[in-house]
Amino acid sequence: MTWNSTMSSGYSSLEEDSEEYFFTARTSFFKKPSGKPTESKQDVEKERELRTHLSREEIRQKIEQYNALTRDHLKMTLSPSGVYTGFIKVQLELRRPVTVRAGRGGVGGAAGEEAFYLPRGANNTLHISSNNTVRQVIVALLNKFTVADNPAKYALYKRYRREEQVYVCKLAEGEQPLFLRLVAGPDGDTLSFVLREQQTGEWDAFSIPELRNFLRILEKEEQEQMEAVTRRYDSYRQRLQEALREARGPS
């Protein structure tokens with residue numbers, strides 16, 4: 001199954017440029033994540049220390065530098081209270097389907113739930129403040145797609161480049177993504193954010209209804225693959241029969 005949606009050209013607060021993807025349950029369920037190095041604990045502590053010691057004037061200067069460098073008009077704004085707002089882009093790298101709240105139509109008009117694949121690799125732009133945490137960003141992303149899953153199943157990662165090497169690091173729930181964006185600058189190659197599933201047991205985090213949804217998806221894909229193979233061999237058989245008739249000539 002696919003997630004088909006027409007994304008708006010704007011953005012949402014706390015939006016998205018998307019393509020339509022098809023990603024099978026077989027590859028989503030069983031593809032193993034590639035091992036990538038993560039940053040050291042020392043780097044994390046250095047970032048936290050930097051955030052603690054930045055004065056309001058230093059933040060103002062960094063925002064001015066950031067806005068001068070950005071090329072997509074997604075600028076940051078500093079309020080008199082010292083809180084600043086801006087934009088981050090988050091790439092979806094979900095290997096499994098998500099449970100989406102469907103429209104009302106069940107017994108008593110209750111909303112049902114269905115399993116869908118969100119568009120893999122799509123970038124979603126969020127408007128957030130410097131006070132928003134990783135946890136809040138995850139919840140906002142799930143709400144955008146009306147995902148009913150527990151936000152604890154997902155994690156936000158930062159991906160950054162250092163000395164021609166690309167590193168991926170899971171962010172703590174209390175981290176503030178907009179500060180990381182401000183410090184790194186607007187270049188997406190220097191720093192980007194990725195939403196992934198938590199690295200837990202393969203199926204431990206899923207409920208029985210969710211697992212049943214996944215089975216239905218697998219059965220649907222199996223039927224589609226069987227029908228495709230049957231059509232292909234029917235076509236081969238027809239061509240061979242035509243070739244035999246031509247080889248025999250008129251009877």
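Tyrosine 233 and tyrosine 236 both lie in helix H6 (residues 208–248). They are three residues apart, about one turn of the helix. Helices (H or I, at least four residues) and strands (E, at least two) are DSSP runs, numbered from the N terminus. The model is predicted: local features need pLDDT of at least 70, side-chain atom pairs count only at pLDDT 80 or more, and totals for chains, interfaces and linings use all residues. Residues are numbered from 1 along each chain as its sequence is written, and side-chain values use heavy atoms, with hydrogens and water left out.

A search of the whole structure finds two aromatic pairs. Rings of Phe, Tyr and Trp (its six-membered ring) pair if their centres lie within 6.5 Å; planes under 30 degrees apart count as stacked, over 60 as edge-to-face and the rest as tilted. One pair joins tyrosine 160 and tyrosine 167, with ring centres 5.6 Å apart and planes at 25°, so this pair is stacked. Tyrosine 160 is buried, at 7% relative accessibility. Tyrosine 167 is partly exposed, at 22%. Here buried means under 20% relative accessible area, exposed over 50%, and partly exposed in between (1.4 Å probe, protein chains only). In H6, the rings of tyrosine 233 and tyrosine 236 have centres 5.7 Å apart and planes at 80°, so the pair is edge-to-face. Tyrosine 233 is partly exposed, at 47% relative accessibility. Tyrosine 236 is also partly exposed, at 39%.

Charged side chains sit over two tyrosine rings. The criterion is NZ of Lys or CZ of Arg within 6 Å of the ring centre and within 35 degrees of the ring normal. Lysine 158 lies over the face of tyrosine 160, at 5.3 Å from the ring centre. Arginine 196 lies over the face of tyrosine 157, at 5.3 Å from that ring's centre.

Strand E8 (residues 154–162) runs antiparallel to strand E9 (residues 165–170), and six bridges join them. Two strands pair if DSSP finds at least two bridges between them. Arginine 161 stands opposite valine 166 in E9. The hairpin of E8 and E9 has two residues between the strands. In this hairpin, glutamate 163 takes a positive phi near 50°.

The count of salt bridges comes to nine. A salt bridge is a side-chain nitrogen of Lys or Arg within 4 Å of a carboxyl oxygen of Asp or Glu. Glutamate 57 forms one with arginine 60, the closest N and O atoms being 2.3 Å apart. These two residues are three apart in helix H3 (residues 56–69), about one helical turn. Glutamate 57 is partly exposed, at 38% relative accessibility. Arginine 60 is partly exposed, at 30%. Glu57, Arg60 and Glu64 are linked in a network of salt bridges.

In H6, glutamate 224 forms a salt bridge with lysine 220, with the closest N and O atoms 2.4 Å apart. The two are four residues apart, again about one helical turn. Both are partly exposed: glutamate 224 at 32% relative accessibility, and lysine 220 at 40%.

Lysine 89 and aspartate 72 also meet in a salt bridge (3.9 Å, N to O). Lysine 89 lies in strand E4 (residues 84–92) and aspartate 72 in the loop between H3 and strand E3 (77–78), so the pair ties together parts that are 17 residues apart in sequence. Lysine 89 is partly exposed, at 36% relative accessibility. Aspartate 72 is partly exposed, at 36%.

The largest pocket holds about 340 Å³ of space. It is lined by 17 residues, and the closest to its centre are Asp72, Lys89, Arg181, Pro186 and Gly188. The elements that give two or more residues to its lining are E4 and strand E10 (191–197). E4 gives the most, with five residues. On a 1 Å grid over the protein atoms alone, a pocket is an open set of points where a 1.4 Å probe fits, with protein on both sides within 12 Å along at least five of seven lines; lining residues have an atom within 4 Å of a point. Grid points are joined across faces, edges and corners, and a volume is the space filled by probe spheres set on the points.

Helix H5 (residues 177–184) has six of its eight residues buried, so it is largely enclosed by the rest of the structure. The buried residues are Pro177, Leu178, Phe179, Leu180, Arg181 and Leu182. Glycine 185 follows H5, and its phi is positive, near 90°.
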